[in-house]
Structure formats: C-alpha cells, structure tokens
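Please examine the sequence and the structure shown below before reading further. The paragraphs that follow proceed from the overall fold to individual helices and then to the surface.

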Amino acid sequence: GLARMPFRRFLAAAASGSVIWCVGILAIGWNVGYRWRLALYLMQRFTVPVVLVIVLLVGGYFLVKTTIKHRLDARLQEMPGGEVDAENQNNHDFLEV
C-alpha cells in the first residue's frame, strides 16, 4: 500500500480499530436507549458549533506555529553568521513535531 505496511500488520491494525469503533458505537447506542430523541436534538444543536471550535483551534495552532517559525528565522538571520542555507535550515527546524 501507500505506507508500505506489511499486510498482517495492516490487518491487525484495521481489525483492532474496527472492534474499538464498533464497541464504542454499540456502547453509545446501549446507553442512549430510549433517550434517542434527546441525543438527536443534542447532536443537531451542537455539531456545527463544536466543529467550528475545532477548526478555529487547528487554524490558531498553525497560525501560531507559522508566526513563531518566522520570528525564529528572522532572529537567526540577525545573529552573526546567521545566514542559513536551505539544507541547513531543514536540518534545524525547531518546530517539527
């Protein structure tokens, strides 16, 4: 495949993920039970705001990461001997996770 993962490892990961997903959905359904209308109301009311908050948090993360990276690069350029070539810069990326 794309990740060049051995088939047995892929099968184990896919099967375990499927079991976890199915057990989780089954547990939610079991606990919601006859209160499914309340659950449906809550999902309809809060799905869009929660997704917007997640998008804003992810966007904020990348904005802060980019800002910090640009400021660090600018400070490195100001230092004596701070000219950093592209190859050396890639090796010393402080914000890589």
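The protein chain in this predicted model contains three helices and zero strands. Followed along the sequence, its elements give the pattern α-α-α.

Helix α1 covers residues 7–32, a total of 26 residues. From its first C-alpha to its last, helix α1 reaches 37 Å, close to the 38 Å expected at 1.5 Å a residue. After α1 comes G33, a residue whose phi is positive, near 50°.

Helix α2 occupies residues 36–78 and comprises 43 residues. At 1.5 Å a residue, helix α2 should span 63 Å, and this agrees with the model because its end C-alpha atoms lie 61 Å apart. There is nevertheless a bend in α2 of about 40° at F46. A proline, P49, follows within four residues of that position.

The surface may be considered next. The protein chain exposes about 9,300 Å², and carbon and sulfur atoms supply 69% of this area. Of the 97 residues in the chain, 1% are buried.

Which residues make the nonpolar surface patch of about 850 Å²? The patch is made by L38, Y41, L42, F46, V50, I54, V58, Y61 and F62. F46, where α2 bends, is thus also one of the patch residues. In an α-helix there are 3.6 residues a turn, so residues three or four places apart point the same way.

Y61, another member of the patch, is placed in helix α2. Its relative accessibility is 43%, and Y61 therefore counts as partly exposed, a class that lies between buried, under 20%, and exposed, over 50%.

Definitions and conventions: Residues are numbered from 1 along each chain as its sequence is written. This is a predicted model: local features need pLDDT of at least 70, side-chain atom pairs count only at pLDDT 80 or more; totals for chains, interfaces and linings use all residues. Side-chain values use heavy atoms; hydrogens and water are left out. Helices (H or I, at least four residues) and strands (E, at least two) are DSSP runs, numbered from the N terminus. The expected span of a helix is 1.5 Å times one less than its number of residues. The bend at a residue is the angle between axes fitted to the seven residues ending there and the seven starting there. Patches are made of residues with over 30% relative accessible area and no salt bridge: like charges are joined within 9 Å, nonpolar side chains (Val, Leu, Ile, Met, Phe, Trp, Tyr) within 5 Å. Accessible areas come from the Shrake-Rupley method with a 1.4 Å probe; for residues, only the protein chains shown count as cover. A salt bridge is a side-chain nitrogen of Lys or Arg within 4 Å of a carboxyl oxygen of Asp or Glu. Buried means under 20% relative accessible area, exposed over 50%, partly exposed in between (1.4 Å probe, protein chains only).
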